[in-house]
Amino acid sequence: MREEFKMDTREKDIEKLKDYKYGFTTDIENTRAPKGLNEDVIKFISNIKKEPKWMLDFRLKAYERLKLLKEPNWQKPKYPKIDYQDLYYYSAPKSMKDKPKSLDELDPKLLETYKKLGIPLQEQARLNGIAVDAVFDSVSVATTFKGELTKHGIIFCSMSEAIQKHPDLVKKYLGTVIPITDHFFATLNSAVFTDGSFVYIPEGVKCPMELSTYFRINASETGQFERTLIIADRGSYVSYLEGCTAPMRDENQLHAANVELIALDDAEIKYSTVQNWYPGDENGKGGIYNFVTKRGLCKGKNSKISWTQVETGSAITWKYPSCILKGDNSIGEFYSIAITNNHQKADTGTKMIHLGNNTKSKIISKGISAGFSDMTYRGLVDINSKAKNSSNYTQCDSLLMGNKCGAHTVPYIKNKNFDSNIAHEATTSKISEEQLHYCQQRGLNPEEAVGLIVNGFCKEVLQQLPMEFAVEAQKLVGISLEGSVG
Amino acid sequence: MSDQLQSDFDRLVKTSKFSSEEIEFKKNFLNNFIKNGFPNRKQEDWKFLDISQIIKKNISDLSFFNDYSQSNKIDSSVLVDGLEHNKIIFINGKVEKIDFNFEDQNKIEIIDETKKDISFDYENSLIDLNSAFIDKIFKILIKKNYALKKPLIIYHLTNDRIKSTNINLRLDFELGENSCLKLIDYFVNTTAKNFINIFYNFNLEKDSILKNYKIDKFRNNDLKYFFNNIEQDNNSISETFILSAGSDYFKNEINCNLNGEYSSAFINGIFSLKENQQHEIRTTINHLVENTKSYQLIKSVLGKNSKSAYQGRIFVNSKAQKTDGYQLSKAILLDETSEFNAKPELEIYADDVKCSHGSASGSLDENSIFYLMSRGLNYQQSKKLLINGFLMDVVEKITDVEIKNLITNIIGLKQ
C-alpha cells in the first residue's frame, strides 16, 4: 500500500517538475545587436542607448582589459566552454525603441508577461506600495511609483536613464566598488552591460517603500548583463528586492550581472534576492548560468549593508555577494539559502573584508542539496591588521537528501589583527527518519513533512526577508525540493 | 635553478653507487621537479604560505647535493633521557644508527628498499624532489600480532657540517595485523638554513595501531616539510600529534585514507610560534567506506610577527555512510603583528553522516585575565596560566601516558 502511494506521488512530482511555472516565452519582436563580441557591438549598444562619450570610453576600456583576461577556473561546478562570439549582447523589445512615457503606453504583451510572473505593474502601481523596476532581456521596461519617490528626492530609474539624467552621480560611483579591472565576468559586464537599476537615496531620507526589480530573460541565445548601482547617502535607508525568472530553453544562457552598493556615513542598505532562473530540466539540460558579481562598500562610518539571498534556480550559480567594511563601526551581513535539485550546481558564499575599526560581520548560510546536485559554500573572512576590535561570526549548515548529491564547505579565514575575533561553525546533516516519521504520523504527507522541516532549517534566513518576499520564498523552497523525497 | 639541480644531480650520481636503472628512475623525478619547481601560492594547497618565496628569501644558495660519504659522531647529550626507547638516528640526513634493542628481533624487519620502484602518486613536486635526491629508503616492517615494548624515537639531527643544503628523507612503515607502533619524531637542529624534506608512508593493516608524535621544539633556522601518507585497513587506528614550534618554517602535511570499515584517525596539533616563524598544518582525511571516524584539534599561540595556517579537509565518499568527522581549530593572537589563517573544508557526498567543523581566533580573554589578577597573580603569570590551559587541552588528547608526560615536560606545561 505504502509502495503504491509512493509511486503515485513520484509520478505526480515528475509532472510538476516539467512545469517550471515561469517557463513561458513571450512573442515580441526584438531589436538585437549583431551576434558576437567586438568593438562594433559595444559601440552599437552605446549608440542605441544614446550614451555620452565617457560611458563609451568606460566600456571600451573594459573591453581592452577583457582581452587580457582569462575565465577563472577554480570553482567547483565546471561548465562547457562558452562561446562568447555566439551570443547576442543586446536584445530589446522593439516597442521600447522610443521609450514609453507611462505605463499606459507599454506594449500590452509585456504587461501580460509581467502579470504571469505575478507582478502586474499597473495594479502594483495602485495597490501594494512597492516600487518596481522591471527589466526585460536587456532593457528596463517600466518603473512604477515614480511620483511618490521623487517627492522624497529619491532617484529610482533604469541605468540608461540615469546615465542621461544624472551623469554626475553615475560617473562618480560607477566602477568604484567593482572596478573594470576586476575578474573576467565583471569586466565583461562593464564592457557590454545593457541596463539595470539605479537608486540614489539622498541624505537623511528613509525610503518609504521597498524598491524592487524584476529581471526576465526572454529572447534565446542572449546573455543578460545588467548593472545595478545603489547609493545611500548619509543617514539614509533603503530596502531593495530583486527577483529573476527565465523561459525554459534547451540551451544554456548566460547571466553576468554586476551589482554595486555604496553606503555612506550612517546609511543602511538591505538587498534581498529571490533568484529563480530556469534551472534546466530533470536531466540537467538547459538552464541559466548565473555568474553574478555583487559587492557592497560600507564607505562611511556606522554604515551597514545586508545581503539576503534565496537561490533556488539556475543550472549553475556562481556568486559571492561581498562587503568591504571600510568605514569605522560598519556592519556587513550575509544571509543565504541555496537549494539545488536535479543536476543544478551552486558555488556561492560571501566575502567580508574588514578594513575599518570596530567592524562587525555576520554570515548565516544554509545549503540544501537533493537529487544529483552539488552545492558549495565558499567564503572569505579577512580581518586586516588595521581593523582593530573587529569581529565575525559565521555559521554554515548543509542538509543533504540522498547520496547522489554533494555538499561542501570551503571557508577561508584570515585573522591579522590580535584585537579581533573570528568564530566559524559548520555542520552537515540529513533529515532524520524520526523527524519525518513524527510529521507523517500527524497526517502530513512525505512532501509536506520535508517542506516543513526544511522551512524550519531555513527560518533564520527567511526571517530576514521583507514580508511579501518571505511568503514567496517559502513557497519556492517547497517547490524546488519537489520530487526529491521518496 | 634548473642548471643547479642538474649539476647537483650529476654530482650525486657520480659519488654514489646507483645502478643505471635507478638513475633512470631518478632522472624522471628530477625532470618532473625541474618542470614544476617548488610549489607556489598559485597552487591552492600553498596559498597561505608560499614555499617557493620562503626558500628564495631565506636560502639564496640552496644546494641539492648532500654528501653521504662522511659519517658523523652521535652527540649523546641530545638523546631523550628518562624514557627507555628504540632509536633510529639521522644526522644530516644520513642514517647513523638503528637500534631495536628492546624488541624481539624476529618480529621486526628492516628492509632496504632503495632499489624498488618508489614512485608515489600524489600531486606534489616536493615528493618528486625527495625521490630524485634520496640516498636510501628503508622499510620498517612490524610483524603480525606484535606490539613494540618501547616507543621508537627517530632523531632528526643536523650539525654544523652542512649549510644551505636540501636534505631528503624517506621511510616506509608497514604495520602487520594487530600490531602496534609508537613513534616519536624528535628534531634537534642547531645548524642554519637547511631545507629538510621528509616523506613517511604508513600502511596499517587490520586492527593495527599507529601513534605518531612529532616534536619540533628547539628554536632553529631550518625550513622543514614533513609529509605523512597513511593507509588504513579495517579497524585500524592512527593517532598523530604535532608540536610545531622550533623551525623558521615548518609544514606538516597528512594525507590519510580510511580504506577499511571502523578505522579511525586522530590528529592533534599545537603551534607555539614566536618571531618571524611561519608554520602550517594541512590535513586531508578521506573517508572512503562506511563507519569511519576522524577527529582533529589544532591550537595556535602566536607571538610577534608569526603566522600559522591550518588547512583541514574532510572528504566523504558517497559510499561512506555513517561517517563521523570533526575538526576544530583555535588560535590566540598575542601581538598586533601575528596572523592566523584557516581553511577548514568539508567535501561531502553521502547523506547519513555527522560532519562539523569549527574555527575561532582572537586575543586572550581580558575577563579571564582580570579574574586571575584579582586573585593575586600578575599580568604575565595570568597570561602564562591561560596559555598553559589552552595548550594542555591538546596534550591531554595523547593516549599514551608515558609519552604524554615526556611531551608535557618538553613543552614546559604544568598539569
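Two residues are in contact here if their C-beta atoms, placed from the backbone, lie within 7 Å. With that in hand, the tour may begin; the model on display is a predicted one.

**First stop: A:Tyr237**

Select A:Tyr237, which lies in strand 9 (residues 237-245) of chain A. Leaving aside neighbours within four places in sequence, the residues in contact with A:Tyr237 are A:Lys206, A:Cys207, A:Ala267 and A:Glu268. Is A:Tyr237 buried, exposed or partly exposed? A:Tyr237 has 17 C-beta neighbours inside 10 Å and therefore counts as partly exposed. Now add A:Gln463 to the selection. A:Tyr237 and A:Gln463 are 226 residues apart in sequence, while their C-alpha atoms are 19 Å apart in space.

**Second stop: strand 12 of chain A**

One of the contacts of A:Tyr237, namely A:Glu268, leads to the next element. Select residues 268-275 of chain A, which form strand 12. This strand is mostly covered, with eight of its eight residues buried. Viewed by side, A:Glu268, A:Lys270, A:Ser272 and A:Val274 point one way from strand 12 of chain A. A:Ile269, A:Tyr271, A:Thr273 and A:Gln275 point the other way, and the residues of both sets are all buried.

Next, select residues 304-311 of chain A, which form strand 14. Strand 12 of chain A and strand 14 of chain A pair in the parallel sense, over eight bridges. To see one of these pairings, display A:Tyr271 together with its bridge partner in strand 14 of chain A, A:Trp307.

**Third stop: the nonpolar core**

Remain on strand 12 of chain A and centre the view on A:Ile269, one of the residues that point away from the side of A:Glu268. The largest nonpolar core has 216 residues, and A:Val199 and A:Ile269 are those with the most contacts inside it. Which residues does A:Ile269 touch, not counting those up to four places away in sequence? They are A:Ile230, A:Ala232, A:Val238, A:Tyr240, A:Leu261, A:Ala263, A:Gly296 and A:Ile305.

**Fourth stop: chain A as a whole**

Zoom out to display chain A in full. Chain A contains 12 helices and 24 strands. Of the 486 residues in chain A, buried residues make up 54%. Among contacts in chain A with a separation of 6 or more, 83% join residues 24 or more positions apart.

**Fifth stop: two residues with positive phi**

Most residues other than glycine have a negative phi. The next two selections are of interest in that light.

Select A:Asn358, in the loop between strand 19 (351-354) and strand 20 (360-369) of chain A. A:Asn358 is not a glycine, yet it has a positive phi of about 50 degrees. A:Asn358 is buried, with 20 other C-beta atoms within 10 Å.

Move to chain B and select B:Ser164, in the loop between strand 5 (152-158) and strand 6 (166-175) of chain B. B:Ser164 also has a positive phi of about 50 degrees, although it is not a glycine. B:Ser164 is partly exposed, with 15 other C-beta atoms within 10 Å.

**Sixth stop: strand 13 of chain B**

Select residues 264-273 of chain B, which form strand 13. Strand 13 of chain B is mostly covered, since eight of its 10 residues are buried. Add strand 11 (residues 237-244) of chain B, which pairs with strand 13 of chain B in the parallel sense over eight bridges. Here B:Ser238 has B:Ala265 of strand 13 of chain B as its bridge partner. Then add strand 15 (residues 293-302) of chain B, which pairs with strand 13 of chain B in the parallel sense over 10 bridges. In this pairing, B:Phe271 stands opposite B:Ser300 in strand 15 of chain B.

**Last stop: helix pairs in chain B**

Select helix 1 (residues 2-15) and helix 2 (residues 20-36) of chain B, which pack at an angle of about 165 degrees with their axes 11 Å apart. That angle makes helix 1 of chain B roughly antiparallel to helix 2 of chain B. The contact is made by B:Ser2, B:Leu5, B:Phe9 and B:Val13 of helix 1 of chain B and by B:Ile23, B:Leu30 and B:Ile34 of helix 2 of chain B.

Finally, select helix 5 (residues 366-374) and helix 6 (residues 379-395) of chain B, which pack at an angle of about 125 degrees with their axes 9 Å apart. Helix 5 of chain B and helix 6 of chain B are therefore oblique to each other. Their crossing is right-handed.

Note on methods:
Residues are numbered from 1 along each chain as its sequence is written. Chains are lettered from A and ligands numbered from 1 in the order in which they are written. This is a predicted model: local features need pLDDT of at least 70, side-chain atom pairs count only at pLDDT 80 or more; totals for chains, interfaces and linings use all residues. A nonpolar core is a set of buried Ala, Val, Leu, Ile, Met, Phe, Trp, Tyr and Cys residues joined through C-beta atoms within 7 Å. A residue is buried if 20 or more other C-beta atoms lie within 10 Å of its own, exposed if 12 or fewer, and partly exposed in between; C-beta atoms are placed from the backbone. Helices (H or I, at least four residues) and strands (E, at least two) are DSSP runs, numbered from the N terminus. Two strands pair if DSSP finds at least two bridges between them. Axes are lines fitted to C-alpha atoms, for helices over the stretch in contact, and angles run from 0 to 180 degrees between N-to-C directions. Angles under 35 degrees count as roughly parallel, over 145 as roughly antiparallel, 65 to 115 as roughly perpendicular and the rest as oblique. A crossing is left-handed if the near helix is turned anticlockwise from the far one by less than a right angle, and right-handed if clockwise.
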